[in-house]
Amino acid sequence: MVDCLFCKFVKKELPTRVVFEDDTCLAFEDINPKAPVHVLVIPKKHLSSTNAMTSEDETGLGHLTLVARKIAQEKKIDQSGYRTVMNTGPDAGQSVFHIHLHLLGGRSMGWPPG
Ligand code: 5GP
Ligand code: ZN
């Protein structure tokens, strides 16, 4: 999608701090981290949110979780714990409309989220 910030990261039209990339996904450091580890894992395919998913996207979005786990292992937070979050829509506070999985860790987190 032409005006999508995260699509521009995928196409390398804008720089970002990439931590992992493969054929179908990209992972990069969040610009405004909410925890010592805060990485966003996105599919290369543009999807605005989970509301835009179809069954065709099931495998690709499942892949994001495995990539997040791999990054958690590399960042050595897999044993201390981490949170994977996908915000959808206004009540969840979604602000970028290219689907992304937040990987957060490196500190203790409260529940329920605010
Ligand atoms: P959301 O609120 O949609 O769930 O999450 C969007 C995330 O994207 C936020 O955590 C925000 O800090 C991050 N973000 C917004 N703009 C940029 C940017 O230009 N670069 C990077 N790396 N992250 C961004
Ligand atoms: Zn996009």
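**Ligand site and local geometry of the predicted model**

Asp3 is exposed, with a relative accessible area of 69%, where exposed means over 50% relative accessible area, buried under 20% and partly exposed in between, computed with a 1.4 Å probe and the protein chains only. Asp3 belongs to the segment before α1; helices (H or I, at least four residues) and strands (E, at least two) are DSSP runs, numbered from the N terminus. Between the C-alpha atoms of Asp3 and Leu103, 100 residues apart along the chain, the separation is 25 Å.

The model is predicted, and local features therein need pLDDT of at least 70, side-chain atom pairs count only at pLDDT 80 or more, and totals for chains, interfaces and linings use all residues. Residues are numbered from 1 along each chain as its sequence is written, chains are lettered from A and ligands numbered from 1 in the order in which they are written, and side-chain values use heavy atoms, with hydrogens and water left out.

Ligand 1 occupies the largest pocket. A pocket is defined on a 1 Å grid over the protein atoms alone, as an open set of points where a 1.4 Å probe fits, with protein on both sides within 12 Å along at least five of seven lines; lining residues have an atom within 4 Å of a point. A molecule sits in such a pocket if more than half of its atoms lie within 2 Å of its grid points. Around ligand 1 there are 19 residues, of which Glu29, Asp30, Asn87, Ser95 and His102 come nearest; a residue is near a molecule if one of its heavy atoms lies within 4 Å of it. By residue class, the shell around ligand 1 comprises seven nonpolar, nine polar and three charged residues. In this division Ala, Val, Leu, Ile, Met, Phe, Trp, Tyr, Cys and Pro count as nonpolar, Asp, Glu, Lys and Arg as charged, and the others, Gly among them, as polar. At least two residues of the shell are supplied by each of α1 (5-10), β2 (25-29) and β3 (37-43), and the largest share, three residues, comes from α1.

Polar contacts to ligand 1 were assigned to pairs of N or O atoms within 3.5 Å; within protein, one atom must be able to donate a hydrogen and the other to accept it, and residues adjacent in sequence count only if both atoms are side-chain atoms. A polar backbone atom of Gly93 lies 3.0 Å from an oxygen atom of ligand 1, and a polar backbone atom of Val96 is likewise 3.0 Å from an oxygen atom of the ligand. His100 contributes a polar side-chain atom, 2.9 Å from an oxygen atom of ligand 1. Ligand 1 taken alone exposes 520 Å², and the protein buries 84% of that; accessible areas come from the Shrake-Rupley method with a 1.4 Å probe, and for residues only the protein chains shown count as cover.

Val96 also takes part in a contact within the protein: its backbone oxygen lies 3.1 Å from a polar atom of the side chain of Gln94. A polar atom of the Gln94 side chain is also 2.9 Å from the backbone oxygen of Ser48. Gln94 is found in the loop between β4 and β5 and is buried, with a relative accessible area of 9%.

Most residues other than glycine have a negative phi, and most peptide bonds are trans. Lys12, in the loop between α1 and β1 (18-21), has a positive phi, near 60 degrees. Phi is also positive and near 60 degrees in Lys76, which is placed in the loop between α2 (58-74) and β4 (82-85) and is exposed at 69% relative accessible area. The peptide bond from Trp111 to Pro112 is cis, with omega near 5 degrees, and Pro112 lies in the segment after β5 (101-105).

Two further positions are partly exposed. Lys44, in the loop between β3 and α2, has a relative accessible area of 25%, and its C-alpha atom is separated by 9.4 Å from that of Gly60, 16 residues apart along the chain. Thr84, in strand β4, is partly exposed at 35% relative accessibility; the C-alpha atoms of Thr84 and Lys45, 39 residues apart along the chain, are separated by 20 Å.
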